[in-house]
Amino acid sequence: MRNDSRLSRMLHVLIHMDKHQHSATSDMIAKMLNTNPVVVRRTMAGLREQGYVRSEKGHGGGWTLVRPLSEITLLDVYRAIGEPHLFAIGPADDQPECLVEQAVNVVLGDAMKEAQALLLRRLDSVTLDKIAADFEAKLTARPATSYSCAS
């Protein structure tokens, strides 16, 4: 099963947007993420609807960040991109009448609910400015020539 990297990718984009003074076009973001501009517009639309970014059409247009990173949590972005599945595992339903399968599903279901609640609390406790500060600290610790990220 392929990982859903939308959360990671949008966090990446938002932090870059905070570092740049100009708007970022869907084409620019698509090149940075190695994807299609249509995918970028579709994903960024959720962030726009939640009030984290805005978009301007036409020449000189693009996406701009409208809220400070300190006011955006990982959970906010996760919700804005549509709350993708957090885990790839889940209960089986091959033989719903089987008592063993029922017992396994109850235990797995409880464990998954607990793990999801823990992860969502953690996502809610981290703001994007904390990630940006970590990036800045790592950047200052490296020689300028060793940083590479197409943005």
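**Close-up 1. A salt bridge within helix α6 of this predicted model.** Aspartate 134 counts as partly exposed, at 39% relative accessibility. Its partner here is lysine 138, and the two side chains meet in a salt bridge at 3.3 Å, N to O. Lysine 138 is exposed, with a relative accessible area of 52%. The two sit four residues apart in α6 (residues 128-141), so about one helical turn separates them.

**Close-up 2. Two more of the five salt bridges.** Aspartate 4 and arginine 6 bring their side chains together at 2.7 Å, N to O. Both ends are partly exposed: aspartate 4 has a relative accessible area of 40%, and arginine 6 comes in at 33%. Glutamate 71 pairs up with arginine 67, with 3.2 Å between the closest N and O atoms. Here too we're looking at partly exposed residues, with relative accessible areas of 41% for glutamate 71 and 27% for arginine 67.

**Close-up 3. Helix α3 and its surroundings.** This helix takes in residues 37-49 and reaches 18 Å from first C-alpha to last, close to the expected 18 Å. Asparagine 36 caps the N-terminal end, placing a side-chain oxygen 2.7 Å from the backbone nitrogen of valine 38. Buried residues of α3 include Val40, Met44 and Leu47. Among the elements covering the buried residues are α1, α2, β1, β2 and α4. After the helix comes glycine 51, with a positive phi near 85°.

**Close-up 4. The β1-β2 hairpin.** Strands β1 (residues 53-56) and β2 (residues 62-65) pair antiparallel over four bridges. Serine 55 has tryptophan 63 as its bridge partner in β2. Five residues lie between the strands, and glycine 58 in this hairpin takes a positive phi near 90°.

Conventions
Residues are numbered from 1 along each chain as its sequence is written. This is a predicted model: local features need pLDDT of at least 70, side-chain atom pairs count only at pLDDT 80 or more; totals for chains, interfaces and linings use all residues. Side-chain values use heavy atoms; hydrogens and water are left out. Two strands pair if DSSP finds at least two bridges between them. The expected span of a helix is 1.5 Å times one less than its number of residues. Buried means under 20% relative accessible area, exposed over 50%, partly exposed in between (1.4 Å probe, protein chains only). Contact means heavy atoms within 4.5 Å. A polar contact is a pair of N or O atoms within 3.5 Å; within protein, one must be able to donate a hydrogen and the other to accept it, and residues adjacent in sequence count only if both atoms are side-chain atoms. A salt bridge is a side-chain nitrogen of Lys or Arg within 4 Å of a carboxyl oxygen of Asp or Glu.
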